[in-house]
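Trainee: Could you take one part of this model and go through it closely? I would like a connected account of how the pieces are placed.

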Amino acid sequence: MLLKSTDPLERYLVELVQAQGMLGSHEHADSARTTVHQQACVMAFHEFAGYLNEAFALDKDYAVGHDVRINCEAGRAHIDHLIIARTFDIFLIESRLAGDELRVGENEEFTSRYRDGAAFRIRSPATQLRRSLAVMQHIFRSIELPERFGMKLVPRFHRFVVLPTGCTITNLSSIPPQQFVRPKELLRAVIGASRPSSLRGFMSSLSPDQMRDIGRIVVRWHTPDKVDFIGKYRAQPIVTA
């Protein structure tokens, strides 16, 4: 089930160009290379949305949403991809990465590097996932949780950062390594985590109608403001000697 699609790619790219001044890329001699990197991140996000739609949008056991922007008492979150499974597993996914190598420093500094030598310090997708988790927990505290067979159902949250295919990673931070996955690994993780493993697991799953209603509740929190390009796509070129 598709809950919400992305904004059109063309609109994203136009708004990205309009935001270049705020993103700071005009301050650097290699601003054109920075723009190419940012556009690659936008395209990676849109391509992965299509990938998830092919896998789950027509599957009655999953509800999928993209580009969900929420502003509430718990903070602001821009969720790249949201998957709700009938097992009440909820997957929060960041996919706005581009490059041939991702390096995560001890203090969670994220750097994207390319084979041509270009490198960019980027906003932390792990930080965005923490914000998304806080916002989603707030939403589920504010609604009446569903019941099935007399049992109150409680959501289980999972967070993932999707790496570009072929991208290597060096993770020196405390972020669990299993949080970084490639597209096929993400599919396996979603299917594996959301497969009832017992009769109790089946009985504690959402009905199709409950899953649809939960998804619609979450999407109603979406605030269709413009994309916060500074928060999502700012890239600081790293000058190497």
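Mentor: What follows looks at one helix pair and then at two residues further along the chain. The model is a predicted one, and what I say should be read with that in mind.

Take the helices to begin with. Helix α1 covers residues 9–18 and helix α3 covers residues 31–57; their axes lie 10 Å apart and the packing angle is about 155°. An angle over 145 degrees counts as roughly antiparallel, and α1 and α3 are therefore roughly antiparallel to each other. Their crossing is right-handed. On the α1 side, the contact is made by L9, Y12, L13 and L16. On the α3 side, Q38, Q39, V42, M43, F45 and H46 take part. Sorted by class, this contact of α1 with α3 comprises seven nonpolar residues and three polar ones, with no charged residues.

Now the two residues. I169 belongs to strand β11. Its relative accessibility is 31%, so I169 counts as partly exposed. Beyond its neighbours within four places in sequence, I169 is in contact with L102, L163 and F180. With F180, the separation is 11 residues in sequence, and the C-alpha to C-alpha distance is 8.5 Å.

Q179 sits in the loop that runs between β11 (168–171) and β12 (180–181). Buried means under 20% relative accessible area, and Q179 is buried because its value is 10%. Outside its neighbours within four places in sequence, Q179 is in contact with A126, L129, R159, F160 and V161.

Conventions: Residues are numbered from 1 along each chain as its sequence is written. This is a predicted model: local features need pLDDT of at least 70, side-chain atom pairs count only at pLDDT 80 or more; totals for chains, interfaces and linings use all residues. Side-chain values use heavy atoms; hydrogens and water are left out. Helices (H or I, at least four residues) and strands (E, at least two) are DSSP runs, numbered from the N terminus. Buried means under 20% relative accessible area, exposed over 50%, partly exposed in between (1.4 Å probe, protein chains only). Contact means heavy atoms within 4.5 Å. Axes are lines fitted to C-alpha atoms, for helices over the stretch in contact, and angles run from 0 to 180 degrees between N-to-C directions. Angles under 35 degrees count as roughly parallel, over 145 as roughly antiparallel, 65 to 115 as roughly perpendicular and the rest as oblique. A crossing is left-handed if the near helix is turned anticlockwise from the far one by less than a right angle, and right-handed if clockwise. Ala, Val, Leu, Ile, Met, Phe, Trp, Tyr, Cys and Pro count as nonpolar, Asp, Glu, Lys and Arg as charged, and the others, Gly among them, as polar.
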